[in-house]
Amino acid sequence: MNSVAFLTYDMPQTPERLREITVADLPALARGCAVLGTGGGGEVESGALIALSALEKHGPVPLVTLDELPDDGLVLPLGGIGAPTVGHEMIHGIHEAYLMREAIEEALGATAVAVMSSEIGGGNGVVPVALAAQLGLPLVDGDEMGRAFPEVQMVSTNVAGLPIEIIGLVDVIGNVTILRPTDWEWAETISRMVSVAAGSYALMADNVISAGRMRGAIIEGTVSQAIRIGRVTEGAADPVAALVGELGAAKLITGKVVEVERRTGGGFVRGSVVIDGIGDDVNRIVRLEIQNENLVAFEDGVVLASVPDLITVVDMHTAGAIATELVRYGQRVSVLAWACDPLWRTSRGLEVVGPQAFGYDLDYVPVEEAARAFI
Amino acid sequence: MPSSNQSKDLRIGIDVGGTNTDAVVLDAQDQVVTWTKQPTTDDVTGGMRAALAAVLEGINDPSRVGRVMLGTTAATNAIVERRRLGKVAVIRIGAPATTAVPPLTAWPDDLRAAISAGELLARGGYLIDGRRIAPTDFDEIRRFLESVAGTADAVAVTGVFSPVVHDEERKVGELVREVLGESVALSLSHEIGQIGLLERENSTVLNAALHGVARDVTGALSQVLSERGMQPATFFAQNDGTLMAMEYASRYPVLTIGSGPANSIRGAAVLSGVEDAIVADVGGTTTDFGVLIKGLPRESTAPVRIGGVATNFRMPDVISIGLGGGTLVSDDGERVGPQSVGHRLGSEALIFGGSVATLSDAGVAGGRASFGSSSIGASYAERLARGLAVADAMFGDAVDVMSLGKAERPLVVVGGGAFLVPDVVPGASQVIRPDHADVANAVGAAIALASGRWDAIVPDGLGRRDAIDRACDMAKQRAVQAGADPNSVEIVELVEIPLSYLSEPAIRVNVKAAGPLSWI
């Protein structure tokens with residue numbers, strides 16, 4: 001295993017790690033998750049309403065670190081799998097979280113002690129707040145991506161070398177599937193088929209393991225981070241500058257969207273967006289390549305940033321994140337790019353989510369080098 | 001004796017705004033015959049009566065008026081002020097799905113209290129491919145309906161994926177009629193909105209609550225017309241710049257929300273004779289920019305909140321900038337607005353003997369208009385010239401933001417401050433200043449297009465073409481229901497959005513059809 005080196009990596013200490021999530025935190029959480037969604041991850045608004053309903057009924061959700069959980073207690077890494085459009089119509093039922101816990105606890109003969117978001121980017125970063133509230137469990141301040149990715153195997157526990165043991169799927173009808181796949185690729189294939197059979201949307205627990213084994217194999221602090229990102233733009237005189245400061249991001253360009261192209265292929269929405277610079281960036285043109293998420297930014301054929309580093313398009317005035325399907329001609333935007341978690345930059349990490357994993361014949365160059373000029 | 005067509009060659013557009021009720025009479029060639037501006041009255045009827053009286057004086061024979069079109073903010077005001085709203089029994093069909101967000105979640109408490117006669121989340125609903133989530137629980141729905149009998153004025157029914165399969169909502173609609181009779185109003189969500197359950201449900205509930213308001217406005221207009229012995233066909237303006245027949249409007253009153261800005265943009269099209277343009281409505285404090293595509297306002301993709309409730313209505317895509325006739329010019333002329341003297345222009349501006357430098361002063365000093373009662377001191381010249389240059393740059397920037405593509409389009413300027421816009425604006429092929437630009441909104445109400453919209457998910461592959469054709473037919477059918485001539489209705493917009501992560505590649509299509517009103 002070459003995965004040990006990064007396990008000792010310390011997340012930057014945050015002065016204001018939150019201890020619980022209340023109704024008042026939800027708008028900021030939703031905005032922050034949209035920014036971390038890098039254009040994908042599904043819309044956050046209905047997720048925020050799901051969380052609102054649950055918190056109004058059950059009260060605030062405690063936010064914990066893995067260190068605070070018993071070694072042998074199970075952590076449920078939850079998120080929706082399927083088509084975001086479907087999730088916008090066929091909202092979760094309150095039975096799903098209970099059925100999931102019951103089935104997982106029975107299968108593994110252990111007790112669930114916390115819920116975690118499997119994917120902090122987009123709606124999947126927000127909904128687990130509701131699931132934790134419904135189950136009366138705390139929420140882990142962390143996730144398995146630190147952003148949004150499209151497939152089941154694109155999670156930190158995979159990169160950390162943990163085997164895939166068990167996946168749970170619960171649909172809105174109430175069908176429960178417990179899956180013991182032979183490897184991560186089969187986990188993706190079968191999970192996808194189950195979600196399609198259930199109307200293209202299901203709740204998924206992506207590789208349930210104990211808190212003790214999960215330590216060092218997730219990206220910590222991302223729930224607090226999302227809320228901080230959502231808060232920093234509130235009332236800021238220059239919201240984009242405030243967001244850039246919070247993320248430590250490179251501002252690749254500020255300009256006008258002059259071209260948007262979309263097409264479907266392999267279940268993904270692929271396409272590209274061209275931004276023509278204005279103000280200080282006049283006479284510059286940046287092109288984004290998209291597969292659900294924003295994956296690569298080019299200028300004159302040179303890569304400025306690429307997956308797994310994060311690339312988000314924001315409104316140049318409000319700094320609100322713009323999802324890839326809502327980008328359109330004439331919008332005034334800033335394109336921000338910033339460093340992913342170091343775990344994704346290991347050789348195993350790049351194998352799973354580097355540019356080549358998405359079909360780009362590119363060598364990964366960290367954004368702080370590739371976009372040095374814009375930091 | 002004129003032929004029957006000639007005898008009905010005029011139409012009247014009335015726009016009931018917050019401040020003024022405007023009316024215009026247009027002839028068959030869309031030329032303004034006469035117009036008026038009257039103060040809006042609290043009861044609406046008074047302002048309408050006065051406006052109608054004023055324009056009828058300008059034509060010799062009221063019987064020549066074949067149609068009356070009304071643009072009104074009554075629905076918006078009713079929701080914002082929580083007045084005159086009906087009590088709605090809210091039914092959602094989809095459990096056990098969707099129970100994580102019950103109906104009316106996140107509604108403002110007072111609006112919910114004003115509208116809800118009770119809520120039910122019943123078992124039923126569909127998956128995206130038309131399979132059932134659960135069998136419809138008609139017994140439960142019947143018991144709920146019996147419990148609201150006597151308290152509910154209307155029923156709103158929203159089923160999961162009803163835009164894909166309508167049958168269930170229709171059957172529940174029949175049950176509503178069976179239990180509560182014909183006197184309650186009924187709103188079915190697949191007739192109101194698109195995929196996106198919570199927004200569609202909210203829109204359906206608001207629509208159901210507005211039936212009484214629609215009846216009141218319709219009644220007021222009928223009364224004013226019958227006092228004059230007139231029996232024209234009557235229409236309401238809707239939020240996309242088209243019309244709906246009175247009967248259609250009474251079923252979908254929520255569609256009148258947002259018709260104000262749409263009317264201004266549409267009116268600019270009629271007055272200028274251009275179909276593709278950017279429109280600037282220059283007022284005293286702000287300028288609103290919109291875009292005309294094939295004679296209709298471009299719609300915004302941003303979600304719309306009405307009275308604090310998220311909906312999925314499409315509103316005209318409008319941006320406002322703080323530039324108008326009363327806008328302040330700073331001491332050094334480098335900053336313009338957003339502060340404005342507003343309605344005090346006539347006393348505070350330099351050209352009216354006041355001491356405040358405004359954009360109107362800058363426009364007059366720059367030779368773009370000549371009005372006012374005082375001359376401007378020479379010491380202001382440089383400051384005003386600089387301020388006007390700053391304003392010109394802001395106009396140009398807004399035009400660029402609203403532009404659709406690389407091709408330049410004309411800029412149509414309307415409103416009282418239209419003279420402020422220079423004759424050359426970067427990004428615009430030309431600047432058009434139509435006559436009667438003061439009453440562009442009433443002219444916009446008097447337009448002669450009706451439209452319909454349809455939203456569907458279709459397979460991307462075999463059958464795609466047929467499915468899109470079907471969606472187009474549905475949109476045309478809706479347009480005809482709204483009053484369009486079946487022989488000349490056409491598709492004016494077709495948006496295809498690829499969907500991700502589905503078993504088979506699929507596309508969401510959104511189609512809009514529009515056509516001239518059929519002759520009566």
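Modeller: Let us start with a term: contact means heavy atoms within 4.5 Å. This is a predicted model, where local features need pLDDT of at least 70 and side-chain atom pairs count only at pLDDT 80 or more, while totals for chains, interfaces and linings use all residues. Residues are numbered from 1 along each chain as written, chains are lettered from A in the order in which they are written, and side-chain values use heavy atoms, leaving out hydrogens and water.

Biologist: How many residues does each chain bring to the contact?

Modeller: Chain A brings 42 residues and chain B brings 43.

Biologist: And what area do chain A and chain B bury between them?

Modeller: Buried area is the accessible area (1.4 Å probe) that two parts lose on being put together, summed over both. Here that comes to about 3500 Å², with 60% of it on carbon and sulfur atoms.

Biologist: How many salt bridges cross the interface of chain A and chain B?

Modeller: A salt bridge is a side-chain nitrogen of Lys or Arg within 4 Å of a carboxyl oxygen of Asp or Glu. The rule finds four across this interface. One of them joins Arg328(A) to Asp317(B), at 3.2 Å from N to O.

Biologist: Which element gives the most to the side of chain A that touches chain B?

Modeller: Helices (H or I, at least four residues) and strands (E, at least two) are DSSP runs, numbered from the N terminus. Elements giving two or more residues to that side include helix H2 (45-58) and strand S12 (250-265) of chain A. S12(A) gives the most, with six residues.

Biologist: Let us look at H2(A). Why does its length make sense?

Modeller: The expected span of a helix is 1.5 Å times one less than its number of residues. H2(A) has 14 residues and should span 20 Å; its end C-alpha atoms are 20 Å apart, so the two agree.

Biologist: Which residues of H2(A) are buried?

Modeller: Buried means under 20% relative accessible area (1.4 Å probe, protein chains only). Among the buried residues of H2(A) are Ser46(A), Ile50(A) and Leu55(A). The buried residues of this helix pack against elements including helix H1 (26-36) of chain A and helix H7 (197-209) of chain B. Just after H2(A), Gly59(A) takes a positive phi of about 90 degrees.

Biologist: Is Pro355(A) buried or exposed?

Modeller: Pro355(A) counts as buried because its relative accessibility is 3%. Pro355(A) lies in the loop between helix H11 (347-353) and helix H12 (367-370) of chain A. Not counting residues up to four places away in sequence, Pro355(A) touches Ser306(A), Val307(A), Tyr360(A), Leu362(A) and Tyr364(A).

Conventions: Buried means under 20% relative accessible area, exposed over 50%, partly exposed in between (1.4 Å probe, protein chains only).
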